[in-house]
Structures are given as C-alpha cells and as structure tokens.
Amino acid sequence: QCKNRYFARIRRAQLRNVGTGDPVRFHEIAERDGWRCQLCSKPVHRNAQVPHPNAPVLDHIIPLSKRGTHEPSNVQLAHFMCNSIKSDGTYGVAGEQLRLIA
C-alpha cells in the first residue's frame, strides 16, 4: 500500500512536469520534523490514519500545482486537517486560519 502511494505521488509529479529529485520517504521526513506539524507546531498522532484530523501527512511547501517539486527540501510533516486548510496555497495565507483554530 505504501509503495502504491509512493508511485502515485511520482506519477502526479511527472504529469505536472515537476522534478522528483531525491526520493521522498515519509519516515525520514517525519523524523527530520520531529513528528510535529510544521504548520501549527503541535505533535501529530503517529498511528492515526486519514481522515482523522491529526493524522500525519506530507505537505508540499510550494504546492505541486504551483510548480513546486516533489523532493525532501519541499515537503514537511503536517496534520491532515492543517494540510487541508492550507490546500494549494502557502503558509502565509493559511497561517491566519490555523492560528484561529489552534
């Protein structure tokens, strides 16, 4: 299942003609970010599964839809809900909404 998700992300990146660079590995990114949401700074629930609001997901800092790349330097750990609020925007726009919720 994880392998399928990985290849689906690669395929989406190729369809959008954005670079894939170094491989993005979920656990490496989660460890790098200390298992904390990089949007609201609260800890994520490691074992929660989407659609749980506190489930850990990868967020593209510069969204793929805005020509961002799918590589470790452009992804961060986030809660499912925080990432949903951010949508395809940037943190500057979503930050106010996240501060209101937190």
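This report covers the strands, the nonpolar core and the main pocket of a predicted model.

**Strands**

Strands β1 and β2 pair in the antiparallel sense. The pairing runs over 5 bridges. Within it, D59 stands opposite Q76 of β2.

Strand β2 spans residues 75-79, and 5 of its 5 residues are buried, so the rest of the structure largely encloses it. Buried here means under 20% relative accessible area. From β2, V75, L77 and H79 point one way. Q76 and A78 point the other way. Residues on both sides are buried.

**Core**

Nonpolar side chains tend to be buried together in soluble globular proteins. In this model, the largest nonpolar core has 8 residues. Strand β2 residues L77 and A78 belong to it. The other members are A30, W35, C37, L39, V44 and C82.

A78 also has contacts beyond its neighbours within four places in sequence. Among them are C37, L39 and V44, as well as Q38 and N83. A78 further touches A55, P56, V57 and D59.

**Pocket**

The largest pocket has a volume of about 970 Å³. Its lining counts 31 residues. Nearest the centre lie R5, R9, P56, V57 and L58. Helices α1 (2-15), α2 (26-32) and α3 (80-86) each give two or more residues to the lining, as does strand β1 (56-60). The lining divides by residue class as follows.

| Class in pocket lining | Count |
|---|---|
| Nonpolar | 14 residues |
| Polar | 9 residues |
| Charged | 8 residues |

Strand β1 thus appears twice: paired with β2, and in the lining of the largest pocket.

Conventions:
Residues numbered from 1 in each chain as written. Predicted model: local features only at pLDDT ≥ 70, side-chain atom pairs only at ≥ 80, totals over all residues. Heavy atoms only, no water. 1 Å grid on protein atoms, 1.4 Å probe; cavity = no way out; pocket = protein on both sides within 12 Å on 5 of 7 lines; lining within 4 Å. Points joined across faces, edges and corners; volume = space filled by probe spheres on them. Helix = DSSP H or I, 4+ residues; strand = E, 2+ residues; numbered from the N terminus. Nonpolar A, V, L, I, M, F, W, Y, C, P; charged D, E, K, R; others polar. Buried < 20%, exposed > 50% of the residue type's maximum accessible area, 1.4 Å probe, protein only. Pairing = 2+ DSSP bridges. Core = buried A, V, L, I, M, F, W, Y, C linked by side-chain atoms within 4.5 Å. Contact = heavy atoms within 4.5 Å.
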